[in-house]
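Work through the exercises below with the coordinates open. Try each task before reading its solution.

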Amino acid sequence: MDDRNFSNIFRKATGHFFCPACGSKFAGSEIESIEHHNDGYLVSVKCSNCSLKLSMQVITKGFSDL
């Protein structure tokens, strides 16, 4: 999976994520950075409602482009 495809897929998926602090939905515009690593990506997102910042590792090894 290349960086561009991952970015597009992840931005769509964030609409289904909720902030653990305030319960607001994350949106694609709140992604602060995406870094590619060996088996996936390190992603930083920020809640637009309460400004909580989260980092998550997304493993893509074994997945193909959708």
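The exercises go from the overall fold to single residues.

**Exercise 1. Overall layout**

Task: State how many helices and strands the chain has, and give their pattern along the sequence.

Solution:
- Step 1. Note the kind of model: it is predicted.
- Step 2. Count the elements. The chain has one helix and three strands.
- Step 3. Read them along the sequence. The pattern is α-β-β-β.
- Step 4. Add the totals. Of the 66 residues of the chain, 26% count as buried. The accessible surface is about 4,500 Å², and carbon and sulfur atoms hold 50% of it.
- Step 5. Check the contact range. Among contacts with a separation of 6 or more, 33% link residues 24 or more positions apart.

**Exercise 2. The sheet**

Task: Work out the strand order of the sheet and say which strands are at its edges.

Solution:
- Step 1. Pair strand 1 with strand 2. Six bridges join them, and they run antiparallel. One pair to locate is Ile34 with its bridge partner Val43 in strand 2.
- Step 2. Pair strand 2 (residues 40-46) with strand 3. Seven bridges join these antiparallel strands. Gly40 has Ile59 of strand 3 as its bridge partner. Lys46 stands opposite Lys53, also in strand 3.
- Step 3. Write the order. The three strands form an open sheet, 1-2-3, with antiparallel pairing.
- Step 4. Name the edges. Strand 1 (31-37) and strand 3 (53-59) each pair on one side only. From one strand to the next, the twist averages 15°.

**Exercise 3. The two hairpins**

Task: Find how many residues lie between the strands of each hairpin.

Solution:
- Step 1. Take strand 1 and strand 2. Their hairpin runs through two residues.
- Step 2. Take strand 2 and strand 3. Six residues lie between them in this hairpin.
- Step 3. Inspect the backbone of the second turn. Ser51 has a positive phi there, about 70°.

**Exercise 4. The core**

Task: Identify which element gives the largest share of the largest nonpolar core.

Solution:
- Step 1. List the core. Its ten residues are Phe6, Phe10, Cys19, Phe26, Ile31, Tyr41, Val43, Val45, Cys47 and Val58.
- Step 2. Assign the residues to elements. Helix 1 (3-13) and strand 2 are the elements that give two or more.
- Step 3. Pick the top contributor. Strand 2 gives the largest share, three residues.
- Step 4. Check burial. Five of the seven residues of strand 2 are buried, so this strand is largely enclosed by the rest of the structure.
- Step 5. Follow one core side. Leaving out residues up to four places away in sequence, Phe10 touches Phe17, Ile31, Val43, Val45, Met56 and Val58.

**Exercise 5. A serine in strand 3**

Task: Decide whether Ser55 is buried or exposed, then find what Ser55 touches.

Solution:
- Step 1. Place the residue. Ser55 lies in strand 3.
- Step 2. Apply the cut-off. Exposed means over 50% relative accessible area. Ser55 has 60% relative accessibility, so Ser55 counts as exposed.
- Step 3. List the contacts. Ser55 touches Val43 and Ser44, not counting residues up to four places away in sequence.
- Step 4. Compute one distance. The C-alpha atoms of Ser55 and Ile34 are 9.8 Å apart, with their positions 21 residues apart along the chain.

**Exercise 6. The cysteines**

Task: Explain why Cys19 and Cys50 are not bonded through their sulfurs.

Solution:
- Step 1. Recall the bond. A disulfide is a covalent link between the sulfur atoms of two cysteines.
- Step 2. Set the cut-off. The two sulfurs must be within 2.5 Å.
- Step 3. Test Cys19. Its closest cysteine sulfur is in Cys50, 3.7 Å away, which is too far for a bond.
- Step 4. Test Cys22. The nearest cysteine sulfur is that of Cys47, at 3.6 Å, and Cys22 is in no disulfide.
- Step 5. Give the total. The structure holds zero disulfides.
- Step 6. Add accessibility. Cys19 is buried, with a relative accessible area of 3%. Cys22 is partly exposed, at 33%.

Notes. Residues are numbered from 1 along each chain as its sequence is written. This is a predicted model: local features need pLDDT of at least 70, side-chain atom pairs count only at pLDDT 80 or more; totals for chains, interfaces and linings use all residues. Side-chain values use heavy atoms; hydrogens and water are left out. Two strands pair if DSSP finds at least two bridges between them. Helices (H or I, at least four residues) and strands (E, at least two) are DSSP runs, numbered from the N terminus. Axes are lines fitted to C-alpha atoms, for helices over the stretch in contact, and angles run from 0 to 180 degrees between N-to-C directions. A nonpolar core is a set of buried Ala, Val, Leu, Ile, Met, Phe, Trp, Tyr and Cys residues joined through side-chain atoms within 4.5 Å. Buried means under 20% relative accessible area, exposed over 50%, partly exposed in between (1.4 Å probe, protein chains only). Contact means heavy atoms within 4.5 Å. Accessible areas come from the Shrake-Rupley method with a 1.4 Å probe; for residues, only the protein chains shown count as cover.
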